[in-house]
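Colleague: Could you take me through the side-chain pairing in this one, starting with a close look at a single salt bridge? I'd like to see where it leads from there.

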Amino acid sequence: MAGMNLTLKVWRQNSAEDKGRIVEYKMSDISPDMSFLEMMDVLNEELIHKGDEPVAFDHDCREGICGMCSMYINGEPHGPEDLITTCQLHMRSFKDGDTIYIEPFRAAAFPVIKDLVVDRTAFDAIIQVGGYVSVNTSGNTQDANSIPVPKADADAAFDAATCIGCGACVATCKNSSAMLFTAAKISHLALLPQGKVEAQQRALNMVEKMDELGFGNCTNTGDCEVQCPKGISLENIALMNREFLGASLKSEK
Ligand code: SF4
Ligand code: FES
């Protein structure tokens, strides 16, 4: 397949205070085998060559693990394909002559820092209030094989643990809710013996922090599940709600 000619419409914003605007760039002879981020690298090389400011975007692993490469592509977080991140998207998903809109994730809790880079430290703040096991497991740690875990629970915990904290669930939600992310972290720990001990208090703390940080409420729209590159299931939200309810009832006693 020959190289493609594309028109990019990219969100440019100098700083958090800048109003921001869409800027058009013409790209020629783009290989369909390039990844989306490699295509962005080509754009940036051209911009640098012309003496212009390159487009700021986050990336790290470039293999679907770190969750950094968050951007909106033609109105969808991580672009048009399901179950992949932007770094795993290839240019063969587009056609010669296409116009591609590239914008940052938008949510009050994820302010734009520059161009496509947003501040997602709000996710870290949610983790800091409970996304860990604080029981002392050192010194007399039991052998893992002596703590039986039902296979179904181990599988569900593993699935929840695949959340990479990318924020696509928040970006796609009309309420900017962080329920799917928070629920993934809560169920990943609540399903395992070591994490069960603090499960209810963890749910209470993390949900309260989520609200405090300006994430919206969940109205069961389900967009988050559809757009999640890791296929995190809405069932995790049901589990989180059970833990949260348990903790709320206890604190009312
Ligand atoms: S739940 Fe999915 S969309 Fe949300 S942060 Fe985790 S991996 Fe990303
Ligand atoms: S750069 Fe790490 S998931 Fe895309």
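Modeller: Let's start with Asp 18 and Arg 21, whose side chains meet in a salt bridge with N and O 3.8 Å apart. The rule here asks for a side-chain nitrogen of Lys or Arg within 4 Å of a carboxyl oxygen of Asp or Glu. Asp 18 is partly exposed at 23% relative accessibility, and Arg 21 is partly exposed as well, at 41%. Those words have cut-offs: buried is under 20% relative accessible area, exposed is over 50%, and partly exposed is in between, with a 1.4 Å probe and protein chains only.

Before going on, keep in mind that this is a predicted model: local features need pLDDT of at least 70, side-chain atom pairs count only at pLDDT 80 or more, and totals for chains, interfaces and linings use all residues. As for bookkeeping, side-chain values use heavy atoms, with hydrogens and water left out, residues are numbered from 1 along each chain as its sequence is written, and chains are lettered from A and ligands numbered from 1 in the order in which they are written.

Now to Arg 62, which forms a salt bridge with Asp 41, the closest N and O atoms being 2.9 Å apart. Arg 62 sits in the loop between α1 (36–49) and β3 (72–73) and Asp 41 in α1 itself, so this pair ties together parts 21 residues apart in sequence. (Helices are DSSP runs of H or I, at least four residues, and strands are runs of E, at least two, numbered from the N terminus.) Arg 62 is partly exposed at 28%, and Asp 41 is partly exposed at 25%. Elsewhere, Lys 9, Glu 24 and Lys 26 are joined into one network by salt bridges that share partners.

The total comes to eleven salt bridges. One of them pairs the side chains of Arg 12 and Asp 115 (3.1 Å, N to O). Arg 12 belongs to strand β1 (residues 4–12) and Asp 115 to the loop between β6 (112–114) and β7 (117–118), so the bridge ties together parts 103 residues apart in sequence. Both Arg 12 and Asp 115 are buried.

What about rings? There are six aromatic pairs, counted when Phe, Tyr or Trp (six-membered ring) centres lie within 6.5 Å; planes under 30 degrees apart are stacked, over 60 edge-to-face, the rest tilted. Phe 110 and Phe 215 pair edge-to-face, at 5.7 Å centre to centre and 80° between the planes. Phe 110 is in the loop between β5 (99–103) and β6, Phe 215 in the loop between α7 and α8 (223–227), 105 residues apart. Both Phe 110 and Phe 215 are buried. The centres of Phe 123 and Phe 181 are 3.6 Å apart with planes at 5°, so that pair is stacked. Here Phe 123 of helix α2 meets Phe 181 of helix α5, 58 residues apart, and both are buried. Phe 110, Phe 123, Phe 181 and Phe 215 form one aromatic cluster.

Phe 123 also has buried company in α2 (residues 121–128): Ala 122, Ala 125 and Ile 126. The buried residues of α2 cover an arc of only 155° around the axis, which puts them on the same side of the helix; that arc is taken from the directions from the axis to the C-beta atoms.
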